[in-house]
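Reader: I have a structure in front of me that I have not met before, and I would like to learn how to read its features one at a time. Could we go through it slowly?

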Amino acid sequence: MNTFLWPRITQATKNAVMTLLDKGEISHYDRAGIFITFEDRWAAMTDRKYALVVSSGTAALHTAMVAAGFGPDDEVICPAYTFFATVTPIFQTGAVPVLCDAGHDGNIDPAAIEKLITPRTKAVIITHMWGMPCDIDAILTICRRHHLLLIEDCAHAHGAVYKGRPVGSESDIAIWSIQGQKIITGGEGGVFVTNNTDFYERALLFGHYNKRCKQEIRPDSPHYDYAETGFGLKLRAHPFAIAMANEQLDHLPQWHAAKNQNAAYLSNKLAAFPELEVPVPAHTGDQPAWYAYTFRLRPAMLAISAAEFCRQLNAAGLDEASASGSTRPLNLLKLFQDPAPLFPQYAGKIAYKPGDFPVAESQADQAIRLPIDVNGGAKVRRTLDRWAQIIGDTIANNRAR
Ligand SMILES: Cc1ncc(COP(=O)(O)O)c(C=O)c1O
């Protein structure tokens, strides 16, 4: 039985939604009600001037790319290993995604970024994979040196901290998903943050036409003339989703404290097995969000694929373990191998293939994920003991082969 139930819907979550229903707060044309509460809290949490809620993380990424002004002459360096929605909205902008291999931690490799920069490079997009912060200082240094924008996909990293600073607080634009599996969730939804007023106004125009644009865009801004129609799209969030997410935000610090303890407890148990590599925060002051606890098999010590190892874990009762799935290197996906049938303007511009990103591919191939509970205590520790026992037994069975 899967002991990890997510999302966590409590009476408080239900009350948050019922309160809106009782007030008839079911749609906002402008910045009002629960949107103000949540956006203000999110902006404060990430130390940003503006936060904007949208209908999904994918919509937030699309908004970020349009706000940043991506266009057909631009190249954008993107992680090869991420969930595809980090990158796929770029096809709507005409800009060319230039995929970049991962480093040993599974995150985009800063050294590899620099090698891909050309005179057409406009921006770098990064994902804090599974909630483990990227090396933001190294990446920011490269972006500043080459005058590139930095966009952070923090969909796995709600509340994560890099060297004591919140993720999402130092880039030009950062986004989060609050889809059903995420640490803070409204079922569906996304959040966009920036300090840049131009980017914010373009983000408003992109998905929030008319009232909200008229309310917030500076009357003397060139964007104001387009306030009524915006770009013609509507990507507004649902107030119920934001009310759910807002209630969960109250618990985030306490969830992080428990997750950190649980992850450390599990790592301590798994340290007994040299065949495994456990996730370790790279810098003092890093606090991963532990969206997933990802450990890797060392192929030189255990000749088994992660997929098969995971199947054996599941068969032995560790149902919560998972491997690969839809988050896999983008060069393995048809859209990045041959986008032209869907996007003819990309004909001849993108032709990735298996083997192009050896580190990303091996990181993804060797990774096994476990959820990390937001509760602490003896019961959770007993579950972790059981997981470690099953993992140890499975290693022993495979060593013997
Ligand atoms: C890294 C990453 N980016 C973006 C997204 C897209 O978010 P959404 O599902 O809210 O559109 C996800 C969703 O799983 C994700 O994992």
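Reader: To start with the rings, how many aromatic pairs does the structure hold?

Author: A pair of aromatic rings is described by the distance of the centres and the angle of the planes. Bear in mind that this is a predicted model; the structure holds 13 aromatic pairs. One of them joins phenylalanine 206 and phenylalanine 231 edge-to-face, with 5.5 Å from centre to centre and 75 degrees between the planes. Because phenylalanine 206 lies in helix α6 (residues 197-207) and phenylalanine 231 in the loop between α7 (211-216) and α8 (239-249), the pair ties together parts that are 25 residues apart in sequence.

Reader: Are these two rings buried or exposed, or something in between?

Author: Phenylalanine 206 has a relative accessibility of 4% and so counts as buried, while phenylalanine 231, with a relative accessible area of 41%, is partly exposed. Elsewhere, Phe91, Phe336, Phe343 and Tyr346 form one aromatic cluster.

Reader: How should I read the nonpolar core, and how many residues does the largest one have?

Author: In soluble globular proteins, nonpolar side chains tend to be buried together. Here the largest nonpolar core has 103 residues, and those with the most contacts inside it are Trp42, Phe70, Val124, Ile139 and Ile173. Helix α3 (residues 57-67) gives the most to this core, namely seven residues, and the core draws at least three residues from each of domain 1 (11-249) and domain 2 (252-399). A second, separate core of 29 residues includes Met132, Leu270, Leu318 and Val380.

Reader: Which residues is valine 124 in contact with, leaving aside its neighbours within four places in sequence?

Author: Valine 124 touches Ile77, Ile113, Ile139, Cys143, Leu148, Leu149, Leu150 and Ile151.

Reader: Turning to charges, which side chain of opposite charge is nearest to glutamate 75?

Author: It helps to look at where a charged residue sits and then at its partners. Glutamate 75 is found in strand β2 (residues 75-79), and this glutamate is buried yet has no salt bridge, the nearest side chain of opposite charge being arginine 120, at 4.1 Å. Because a salt bridge needs the nitrogen and the carboxyl oxygen within 4 Å, that pair is not counted as one.

Reader: How many salt bridges does the count come to?

Author: The count comes to 17. Among them, arginine 165 and glutamate 170 have their closest N and O atoms 2.9 Å apart, and glutamate 25 pairs with lysine 23 at 3.5 Å. Glutamate 25 is buried, with a relative accessible area of 10%, whereas lysine 23, at 58% relative accessibility, counts as exposed. Arg31, Glu39, Asp40, Arg212 and Glu216 are linked in a network of salt bridges.

Notes:
Residues numbered from 1 in each chain as written. Predicted model: local features only at pLDDT ≥ 70, side-chain atom pairs only at ≥ 80, totals over all residues. Heavy atoms only, no water. Core = buried A, V, L, I, M, F, W, Y, C linked by side-chain atoms within 4.5 Å. Buried < 20%, exposed > 50% of the residue type's maximum accessible area, 1.4 Å probe, protein only. Helix = DSSP H or I, 4+ residues; strand = E, 2+ residues; numbered from the N terminus. Domains from an automatic or database assignment. Contact = heavy atoms within 4.5 Å. Lys, Arg positive; Asp, Glu negative; His and termini not counted. Phe/Tyr/Trp six-rings, centres within 6.5 Å; stacked < 30°, edge-to-face > 60°.
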